[in-house]
Amino acid sequence: MHAWPASEVPALPDKGRDLRIHDTATDGLVTLDPGPVARIYVCGITPYDATHIGHAATYNAFDLVQRVWLDTKRQVHYVQNVTDVDDPLLERAQRDNVDWVALAEQETALFREDMTALRMLPPQQYIGAVEAIPGIVPLVERLRDAGAAYELEGDIYFSVESDPNFGKVSRLDAAAMRLLSAERGGDPDRPGKKNPLDPMLWMAAREGEPSWDGGSLGRGRPGWHIECVAIALDHLGMGFDIQGGGSNLAFPHHEMGASHAQALTGEFPMAKAYVHAGMVALHGEKMSKSKGNLVFVSTLRREGVDPAAIRLALLAHHYRADWEWTDQVLQDAVARLDRWRAAVSRPDGPPAETLVTEIREALANDLDAPAALVAVDRWAALQQERGGTDEGAPGVVSRAVDALLGVAL
Ligand code: 5CA
Ligand code: ZN
């Protein structure tokens, strides 16, 4: 499917620093050395509702990753999926008595608009699960033929015991895994499974549900984790630099994905770093489509909130932190945007070179966007209090804020 238009990224003088980022699998900071083309896979939305602030915060983190890489004068190969067939989407369509395809298309279109408004860089490949099915079927067949998968009443399950590295991405104990499996789309209590954690690779066609030709698997639809593995391996290959998503994807989604890939290729890990963003809450609870405690990006836009202010509100929180959306968070961002815009509206100002270095260093240090904002605040305060004589400094600041933080002043 098509992605969304790219906003221009101004080139800055010299080069930024290499990215050091937290990897869930080693629970430590790693300095990535991506080569001339950095490769990143970010898990996309399940399009049954509009983009909320939690989604936007997660995509903001991985947008910063790309901006840091681009600033090191590398190219970025970015792939994102759309989970355009899955239980929650079908359930929502049935609840609202709408066609599931139309619902997915409508919400994906809204997501593209939101991403464009927020100046998130688009992926080079934006791939729906449905369009990936012809590539998924042979992978499931291979897993089955290699003994890493088994059949249960027509459904095909992956056997986690086939993978010696199972557990190394999320590093959770068996009890925690079992709990999260039940919460996050698994079926640990289904009788007949070899291991309660085994995830489905291929679900045999159910009455009244969409299904596709699965070759020797029979008609059905793909499991969630194999969808992302098939798309990532097809477009990026093994050993790409980052797989990203919110922290709720570490287990089971990214754990199972790494296992599927290990069973298919004999290699581990699929991604050099597993990077996870914190969860955004509203009224004390994680924002989630299933709970309905949501603030939508599109609602704020409709109310006339400047998308640059939304972006600044996201950037004010470290990507790994869990944080709470409040009116105050937005008001602070609006005020900050006003201050910054006033500061860059003059032709000259305080020197900007140090500021560019500070933003670069903050982001290279595990995407410390809050520190980058504080550095810009300092420059803006100086400009307001004393001004400066460096001609063109405000332009340098504008370009740096645009290129590195995705905020158009
Ligand atoms: N389609 C799958 C990934 S393949 C999925 O998780 N879709 S989603 O629509 O539920 O979530 C999209 C992304 O937003 C995921 O990375 C998820 O971890 C992240 N996300 C969901 N809720 C929040 C939240 N409250 N705060 C931060 N990130 C969130
Ligand atoms: Zn995914």
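Arg-190 is buried, with a relative accessible area of 18%, and in this predicted model that arginine is a good place to begin, since burial under this scheme means a relative accessible area under 20%. The side chain of Arg-190 meets that of Asp-155 in a salt bridge, with a distance of 2.7 Å from N to O. Because Arg-190 belongs to the loop between helix H5 (174-183) and strand S8 (200-204), while Asp-155 belongs to strand S7 (residues 155-158), the pair ties together parts that are 35 residues apart in sequence. Asp-155 is buried as well, with a relative accessible area of 1%. These two residues also take part in a network of salt bridges, in which Glu-153, Asp-155, Arg-190 and Arg-206 are linked.

The structure holds 26 salt bridges, and two others may be followed further along the chain. One of them joins Arg-341 to Asp-306, whose closest N and O atoms are 2.9 Å apart. This pair links distant parts of the chain, for Arg-341 sits in helix H10 (residues 327-344) and Asp-306 in the loop between helix H8 (297-302) and helix H9 (307-315), 35 residues apart. Arg-341 counts as partly exposed, because its relative accessible area of 30% falls between the limits of 20% and 50%. Asp-306, at 29% relative accessibility, is likewise partly exposed.

The other salt bridge brings together the side chains of Asp-377 and Arg-336, at 2.6 Å from N to O. Since Asp-377 lies in helix H12 (residues 369-385) and Arg-336 in helix H10, the pair ties together parts that are 41 residues apart in sequence. Here Asp-377 and Arg-336 are both buried. Helix H10 therefore contributes Arg-336 to this pair, and Arg-341, a residue of helix H10 too, to the pair with Asp-306.

From charged side chains we can turn to the metal. The zinc ion (ligand 2) has as its protein donors the SG atom of Cys-43, the SG atom of Cys-228 and the NE2 atom of His-253, which lie 2.1 to 2.3 Å from the ion. Four donor atoms surround this zinc ion (ligand 2), and because they subtend angles of 102 to 121 degrees, the arrangement is tetrahedral. Along the chain, the donors of the zinc ion (ligand 2) follow the spacing C-x184-C-x24-H. Cys-43 is placed in the loop between strand S3 (37-42) and helix H1 (53-71), whereas Cys-228 is placed in helix H6 (residues 224-235), so the pair ties together parts that are 185 residues apart in sequence. Both cysteines lie under the 20% limit for burial, because Cys-43 has a relative accessibility of 5% and Cys-228 one of 3%. As for pairs of cysteines bonded to each other, the structure holds zero disulfides.

Helix H6, which carries Cys-228, deserves a look of its own. The helix has 12 residues and reaches 18 Å from its first C-alpha to its last, close to the 16 Å expected at 1.5 Å a residue. Nine of the 12 residues of H6 are buried, so the helix is largely enclosed by the rest of the structure. Among these buried residues are His-225, Ile-226 and Glu-227, along with Cys-228 itself and Leu-233. After H6 comes Gly-237, whose phi is positive, near 80 degrees.

The last theme is the aromatic rings, of which the structure holds six pairs. In one of these pairs, the rings of Trp-4 and Phe-111 have their centres 5.7 Å apart and their planes at 90 degrees, so the pair is edge-to-face. Trp-4 belongs to the segment before strand S1 (20-23) and Phe-111 to helix H3 (residues 100-117), so that distant parts of the chain, 107 residues apart, are linked by the pair. Trp-4 and Phe-111 are both buried. A second edge-to-face pair is formed by Trp-100 and Trp-212, because the ring centres are 6.1 Å apart and the planes stand at 85 degrees. With Trp-100 in helix H3 and Trp-212 in the loop between S8 and strand S9 (220-222), the pair ties together parts that are 112 residues apart in sequence. Trp-100 is buried, with a relative accessible area of 18%. Finally, ring pairs link Trp-4, Tyr-59, Phe-111 and Tyr-126 into a cluster.

Conventions. Residues are numbered from 1 along each chain as its sequence is written. Chains are lettered from A and ligands numbered from 1 in the order in which they are written. This is a predicted model: local features need pLDDT of at least 70, side-chain atom pairs count only at pLDDT 80 or more; totals for chains, interfaces and linings use all residues. Side-chain values use heavy atoms; hydrogens and water are left out. A salt bridge is a side-chain nitrogen of Lys or Arg within 4 Å of a carboxyl oxygen of Asp or Glu. Helices (H or I, at least four residues) and strands (E, at least two) are DSSP runs, numbered from the N terminus. Buried means under 20% relative accessible area, exposed over 50%, partly exposed in between (1.4 Å probe, protein chains only). Donors are N, O and S atoms within 2.8 Å of the metal (3.2 Å for Na, K and Ca); water is not among the atoms, so sites may look incomplete. Four donors count as tetrahedral if all angles lie between 85 and 135 degrees; four count as square planar and six as octahedral if opposite donors are over 155 degrees apart and all others between 65 and 115; anything else is irregular. A disulfide is a pair of cysteine sulfur atoms within 2.5 Å. The expected span of a helix is 1.5 Å times one less than its number of residues. Rings of Phe, Tyr and Trp (its six-membered ring) pair if their centres lie within 6.5 Å; planes under 30 degrees apart count as stacked, over 60 as edge-to-face and the rest as tilted.
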